[in-house]
Every structure is written in structure tokens, then in C-alpha cells.
Amino acid sequence: MVSPQSTVDDRSTFDLVVAANRLPVDRVVDDDGTSTWQTSPGGLVTAMDSVMEGREAAWVGWAGDPGESIEPFARDGVRLQPLALSADEIRDYYEGFCNGTLWPLYHDVIVQPHYRRSWWAAYRRINQRFAEAIVEVAAHGATVWVHDYQLQLVPALLRDLRPDLRIGWFNHIPFPSVELFGQLPWRASVLRGLLGADFLGFQRATDAGNFARACHQLLGATRTGDVVSWDGADDDRSGVPRRVRVAAVPISIDFTSLDQLARTSAVRERAREIRASLGNPETVLLGIDRLDYTKGIRHRLRAYSELLADGDVTPTQATLLQIATPSRERVSAYRELRAQIDAQVGRINGDHSVIGAAAVEYLHHSYPKEEMAALFLAADVLLVTPLRDGMNLVAKEYVASRWDGGGALVLSEFTGAAHELSSAFLCNPHDIAGLKRTILEAMHEHPAAKRKRMLALRRRVRSNDVFAWARKYLAALEAAPAKPGAS
Ligand code: F6P
């Protein structure tokens, strides 16, 4: 739980404004009507919370529930500016267009995206409201850092309202190829919205390339180096030409604080307790994911159940601890996934568990960072097997927690993290036979070789931590081609 400070900075405008769909904390209203605040889910908040701590800045976002509007409040020096969404707006904008249209479309259409005009209308309205809330708190000439797929129209809306602002946008998730993106009935409007920014940051060069190709094919824009140039002409208006910098700036985590947390005696003791409560098996395998179809949890369970059936692992020798954090529970694809995973875990345990040793320990909860650090320290192998993932910060958190050089990371090739963490045990989660082999390799590789891999991974994450990421991003935004007010 988080207790926000009640006092707000006297200032009404800021030189740095962050805008994301969610505030870093979610409001939870109990049955008796009392409000508490807890850390919001997702990689965006994990990363941005560390970067923003102590900065003189404002953060505009939704408080995570269908509540009335809430007064701004301060937290770690940052002014949080809540934007209220009604129950209908949450249904159409957040659950609908963001998570029923864009999320599956941007993740390789793993499930079918739905294209509903009423959802798109809500997305436009809420993006407009975000832009209006941002200009309220942005000082003249301020830098505005907009985040993620929920707010793709905000850059151009902001530029129309306030040409003095320097506007950046960062996409935490993949940007799809134009062959997929082209399905979106409102594709040109989304590209126009993004081209209102001075700098667009992506997780991988492929994502930046996909965006530039979409601009070329769908708007006739050209790309020279990392600058996309568009004459501004389209169906709606003759427009103002735009030159926008587009590049990959892969996100990261606060390596040092996680490394230090994992070294504390409380976390080390808790890690021992976790292993003991699992019956001290030789190998603890761990999965920690938001319960999302992109994360490849079903593929992982399938591979593990086959390893059990083949006799390559036994429940007394190994335990798979799968933690699935509740997510988007009112969206049908997520409800179906939960039912499928519940059934799959039930079947595996029914078939393979023995008294006193469950084959899979499955927990549908979220945990505070101390417990996460203990889980990471307790795990011999972390299984990160998404079918598509913008980055996957859990993989980096695991590496940062392994100050002891222990552990092994099995990592899907379809994550942004795999582009940096090449010393991991890389896998294709669609290839169940290959995934089984990789899991066994990670379990049985010689300890010295495993340690060498982990130390290489740690060097990599340490040298590109979240603070280096933020510095790179803000420097690129500062150096973006268009000067504020010019086009
Ligand atoms: O990090 C990607 C991201 O989609 C964020 O934009 C989002 O806040 C998070 O994952 C969790 O999803 P949600 O906000 O829908 O719970």
C-alpha cells in the first residue's frame, strides 16, 4: 500500500509533464468507502516511477477506478493530476479500444482485435481530455512526455493547443508491421496523432522501422536516417509539414535498488522460507506475469506438463511456481484465458502431483517488490516465454536480483529484452519441443557456465538501467529536429 502525501505543490505549472493512461498509484475503495492507494500494474509504472522520484514534475493519468474526480496530490515530490473516467468510458476507451482493439493488434493478433466505431469515438474523446488536462499543468515551453498506445492521439492534439511545448511519446509495447497495422480502420488518424510529437521512442529498431514504413505507405511520408518527414497533407486537411525523430530507446529498470533490496537479510531469509515451503526441491522454476495471452503462459505450462509426462522432471525434484497477476478481468479474452489456465494447472496437478509435492504451484495475486525480490532469489530458473512482448521488465528484474550470480533465465526471442539479453537461454515458445530442451538445458547446464551467463546479463542490465534510458530519451527529445513552435 502507498500513502500519498496530501499536500500539493503550490506551483500550478511544471517544466516536465508525464502523461500515461494510469497514475503510478491506483485508488482502491473498500466496502466501507475508505480509499487506499496501491502501486499500479505494468512495466510502464515500474520504470517511470523510479525515473520520476524527486523530480519537480506533474503526472497526468487515470486513478484506475470509475470514481469521481480526485483532487491533485503529491507523491515523492511529483504532483499527480488524476483524470476521472466514468464506467462507460472505462468500458469503451480502456477495455474496448485500448485492450480489445489496440493491444491484440499491436501484439501480432494473438487474439482477434475488435474494430468498433463507438470504442474509437471514446478513444478520441479521452485523448482530447488528456491533452486538455496536460496543457493545464504544462509551463510555457515545457517538455511533455506521453506514454504508450492508450494516448496516441495526444501528441497532435497537444501541438494544436500549445505549439510552445516539446512533445515526446514512448511506446512500451511493440509497433506492428504495416500489414497488421493496416487493418485498423482509423490507421491514418493514429499516425497523424503520433506525428504531432517531436520525438517518438520505441523499444526496438524494428518497431521504429514499422512505424516509419506505415507512415510511408499510408501517408506518403519519407524517412531519412531517424527523421520521418510528412507534408501534412491528407484527406482531412492540407496541414502543416512535420519532421519527427523516430528511434529505438529500449527501456530498463532501477538495477541498483533491486540489487540492494535482494541483498537484504530480510529478502534472503524470505527466499529460504519460500524454498522450504515448496519442500526444498532441487530446482525451483518460476514464472511471474500479468495474466495476459501475450505472455505465453499456456505454452510454458504445456512444455512443463510434457517434461513431467516424459519423466524428465519429477514433482519431488522440481516445482514450477507460476504467479499470474490479475489483469483486465472484465475483458472477455482475459476471462477466457484465466479459465483455460485454471483448467490446465488443475489437469497437470491431477496427473502429476504426489502427496506433499505439487507439480505446479499457481497463485493468482500481485506481490510487493520485497516479495518479488525473494521469489527471484529463490528461483533457479525464471521462465519468460511471451509470444510477443515490447520489452519484459520481469526478465531484467530477475537479473538485477541475482547479486549472487545464481539462477538462469529462459527468455523468449519475441521479447524486446531478448535483443539485449543474448546470454539468456533463448527460446521460441511456439516450438514446444525446443522449449522443453531449453528448460532442461537451463536446469542442467554446468554451474560455472550458468554463472558466466548471469554475470554477462547483469553487466548488460547494470550499464543500461532505467536512469540511462530516461537520460537517452530526454536527450533525444531535446535534440529532435523541430524546434518548439516551428514545424
Ligand atoms: O507496460 C505496458 C502496459 O500496457 C502499460 O501501458 C499498462 O499500464 C500496463 O502494461 C498494464 O496494463 P493495464 O494498465 O491495462 O493494467
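Trainee: Which residues of α15 are buried?
Mentor: This is a predicted model, where local features need pLDDT of at least 70, side-chain atom pairs count only at pLDDT 80 or more, and totals for chains, interfaces and linings use all residues. Residues are numbered from 1 along each chain as its sequence is written, and side-chain values use heavy atoms, with hydrogens and water left out. Buried means under 20% relative accessible area, exposed over 50%, partly exposed in between (1.4 Å probe, protein chains only). In α15, the buried residues are K450, M454, L457, R458 and V461.

Trainee: Why are they on the same side of α15?
Mentor: The arc is taken from the directions from the helix axis to the C-beta atoms. The buried residues are on the same side of α15 because they cover an arc of only 105°.

Trainee: Which residues are exposed on the other side of α15?
Mentor: Helices (H or I, at least four residues) and strands (E, at least two) are DSSP runs, numbered from the N terminus. The exposed residues on the other side of α15 are K452, R459 and S463.

Trainee: Which elements do the buried residues of α15 pack against?
Mentor: Contact means heavy atoms within 4.5 Å. The buried residues of α15 pack against α8, α13, β17, β18 and α14.

Trainee: Which strands stand at the edges of the open sheet of 10 strands?
Mentor: Two strands pair if DSSP finds at least two bridges between them. The sheet order is β5-β6-β4-β1-β7-β8-β9-β12-β11-β10, with mixed pairing. Each edge strand has a single partner, so one side is left without a neighbour in the sheet; these strands are β5 and β10.
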